[in-house]
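Biologist: I would like a close look at a single part of this model, with whatever surrounds it brought in afterwards. Please take your time over it.

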Amino acid sequence: MIGWDEIVDAGLSPEKATVMWWRHDRTYQLVKALENGFEVIMTPRRPLYADFVQYHNHKTGRNWNGYNPIEDIYRFPDPVIHLTKNFENQVLGMQFSLWTERVADENRLDFMTFPRLVAVAESA
């Protein structure tokens with residue numbers, strides 16, 4: 001099964017679960033998952049949630065104490081790469097998440113996705 005990083009504390013076997021590390025402000029969950037033998041998919045809400053606004057002057061979209069500009073995506077995973085040292089074989093990759101409850105139409109979907117998805121592919 002695959003579960004959000006909260007499952008690290010649920011007593012699951014790392015052989016039976018993969019962790020989606022999504023809480024960028026809880027790097028200790030990433031470390032704990034890796035140290036406990038879980039495979040991990042990196043999908044931190046900052047910078048990899050596409051429903052977050054891209055820049056401070058954007059008014060439509062999610063803003064949880066910050067925004068997700070393309071520049072931050074290009075920098076990722078550099079800010080946390082040191083945490084994965086010696087666990088590289090457990091990191092399966094990265095996921096760019098787009099929660100669409102606030103996406104009104106295809107034009108908005110394209111605006112929120114591109115070119116940031118290209119940056120994710122290059123960073124991964």
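Biologist: Which residues line the largest cavity?

Modeller: This is a predicted model, and the structure holds 1 cavity of 30 Å³ or more. The largest cavity has a volume of about 50 Å³, and its lining is made up of Asp51, Thr60, Gly61, Arg62, Arg102, Val103, Arg108 and Met112. By character, that lining divides into 4 charged, 2 polar and 2 nonpolar residues.

Open space can be set beside this enclosed one. The largest pocket holds about 160 Å³ of space, and the residues that line the pocket are Trp21, His24, Thr27, Pro44, Arg46, Pro47, Asp72, Arg75, Phe76, Pro79 and Val80. Helices H2 and H3 each supply at least two residues of this lining, which divides into 6 nonpolar, 2 polar and 3 charged residues.

Two of the residues in the pocket lining, Arg46 and Pro47, lead on to Asn68, since both of them are among the residues that Asn68 touches. Asn68 sits in the loop between helix H2 (45-48) and helix H3 (70-75), and with a relative accessibility of 0% it counts as buried, the cut-off being under 20%. Its side chain reaches the backbone oxygen of Tyr49 at 2.9 Å. Not counting residues up to four places away in sequence, Asn68 touches Arg45, Arg46, Pro47, Leu48, Tyr49, Phe52, Val53, Gln54 and Arg116.

Arg116 in turn belongs to helix H5 (residues 116-123), where Arg116, Ala119, Val120 and Ser123 are buried. These four cover an arc of only 105 degrees around the axis, and therefore they lie on the same side of H5. Ala121 and Glu122, on the other side of H5, are exposed. The buried residues of H5 pack against H2, H3, S4 and helix H4 (106-113).

Another residue of the pocket lining, Thr27, leads to Leu83, which is in contact with Thr27, Leu30, Val31 and Leu34 once its neighbours within four places in sequence are left aside. Leu83 itself lies in the loop between H3 and strand S4 (91-94). From Leu83 to Trp99 the separation is 16 residues in sequence and 27 Å in space, taken from C-alpha to C-alpha.

Terms used: Residues numbered from 1 in each chain as written. Predicted model: local features only at pLDDT ≥ 70, side-chain atom pairs only at ≥ 80, totals over all residues. Heavy atoms only, no water. 1 Å grid on protein atoms, 1.4 Å probe; cavity = no way out; pocket = protein on both sides within 12 Å on 5 of 7 lines; lining within 4 Å. Points joined across faces, edges and corners; volume = space filled by probe spheres on them. Nonpolar A, V, L, I, M, F, W, Y, C, P; charged D, E, K, R; others polar. Buried < 20%, exposed > 50% of the residue type's maximum accessible area, 1.4 Å probe, protein only. Polar contact = N/O pair within 3.5 Å; in protein donor to acceptor, adjacent residues only side chain to side chain. Contact = heavy atoms within 4.5 Å. Arc of directions from axis to C-beta.
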